[in-house]
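User: Hey, I've just opened this one and don't know my way around yet. Can you walk me through it?
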Amino acid sequence: VFGSTTFATATVLSVFMGGLALGSWLAGRKADQIQRPFLWYGILEGIIGVWALIAPFMFDAATPLYKIIWQYFHLSAVPFGILRYLVALCILLVPTTCMGATLPLLSKYVTDKLEDVGNKIGTLYAANTLGAVGGAALAGLSLLPALGLSRTTLVAAVINFLLVAAV
């Protein structure tokens, strides 16, 4: 959507990391009050999967909006860049916030004794990080070149739906 510029990279990284932080903060504050954290984890994975399917259409729908704003308001590069950032934020904040919320919910689910917290959360965090690394490597190095963007996105959504079914 944004190309391969520094602005594009900064946009994706800041929105993604910001969403992860927001989701982790929100779920971390409420995790002890949630009765069925594993069920909520599954619900969030479902939302992430649905969003993976609809986000490309949202970005496509934003393109005419950009053109109209560019034609009628003649914004300079900085305000136009901020506008594009805000649109990306609106589209990506929901799934990235859900992603960030999954770890606190799973942490609550796997911990039942205070003395096990460090070991269980450390193991969960390591598995989560390795999964993210593996998924990024698989998508970027194998799936995208072999299947293209649309089918790779579909594979990611299906994985989310399989998680929902497993939960």
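Analyst: Sure, we'll go from the overall layout to single residues.

Analyst: One thing up front: this is a predicted model, where local features need pLDDT of at least 70, side-chain atom pairs count only at pLDDT 80 or more, and totals for chains, interfaces and linings use all residues. Residues are numbered from 1 along each chain as its sequence is written, and side-chain values use heavy atoms, with hydrogens and water left out.

User: Got it. How many helices and strands are there in the protein?

Analyst: The protein has 4 helices and 0 strands, so-called DSSP runs numbered from the N terminus (helices are H or I, at least four residues; strands are E, at least two). Reading from the N terminus, the order is α-α-α-α.

User: What does the C-alpha trace span along its principal axes?

Analyst: About 60 × 35 × 25 Å. Of the 167 residues, 28% are buried; buried means under 20% relative accessible area, exposed over 50%, and partly exposed in between, with a 1.4 Å probe and protein chains only.

User: Let's do α2. What does it span between its end C-alpha atoms?

Analyst: Helix α2 covers residues 37-73 and spans only 47 Å, while a straight helix of 37 residues would span 54 Å at 1.5 Å a residue. That expected span is 1.5 Å times one less than the number of residues.

User: Where does α2 bend?

Analyst: At I54, by about 40 degrees, and the proline P56 follows within four residues. The bend here is the angle between axes fitted to the seven residues ending at a residue and the seven starting there.

User: And α3, how far does that one reach?

Analyst: Helix α3, residues 77-110, has 34 residues and reaches 48 Å from its first C-alpha to its last, close to the 50 Å expected. There's a kink of about 45 degrees in α3 too, at L92, shortly before the proline P95.

User: What sits between α2 and α3?

Analyst: A loop that includes H74. Phi of H74 is near 45 degrees, which is a positive value in a residue other than glycine. H74 is exposed, with a relative accessible area of 63%.

User: Switching topic: which residues make up the largest nonpolar core?

Analyst: The core has 9 residues: W51, A55, F59, A62, Y66, F80, V87, A88 and I91. A core in this sense is a set of buried Ala, Val, Leu, Ile, Met, Phe, Trp, Tyr and Cys residues joined through side-chain atoms within 4.5 Å.

User: Which helices supply at least two residues of this core each?

Analyst: α2 and α3 do, and the largest share, 5 residues, comes from α2.

User: What about nonpolar stuff on the surface, which residues form a patch there?

Analyst: V50, L53, I54, F57, L154, V158, F161, L162 and V164 do, with about 760 Å² of accessible area together. Patch members have over 30% relative accessible area and no salt bridge; nonpolar side chains (Val, Leu, Ile, Met, Phe, Trp, Tyr) are joined within 5 Å, like charges within 9 Å. The areas come from the Shrake-Rupley method with a 1.4 Å probe, and for residues only the protein chains shown count as cover.

User: Which helix gives the most to that patch?

Analyst: α4, with 5 residues. Both α2 and α4 (117-166) supply at least two each.

User: Why does L154 count as partly exposed?

Analyst: Because its relative accessibility is 46%. L154 lies in helix α4, and its C-alpha is 6.8 Å from that of L53, though the two are 101 residues apart in sequence.

User: How many salt bridges does the structure hold?

Analyst: The structure holds 1, where a salt bridge is a side-chain nitrogen of Lys or Arg within 4 Å of a carboxyl oxygen of Asp or Glu. The side chains of D32 and K108 form the bridge, at 3.8 Å from N to O. D32 lies in the loop between α1 and α2 and K108 in helix α3, so the pair ties together parts 76 residues apart in sequence.

User: Are those two buried or exposed?

Analyst: D32 is exposed, at 64% relative accessible area, whereas K108 is partly exposed at 28%.

User: Last one: is G23 buried or exposed?

Analyst: G23 is buried, at 0% relative accessibility. You'll find G23 in helix α1, residues 6-30.
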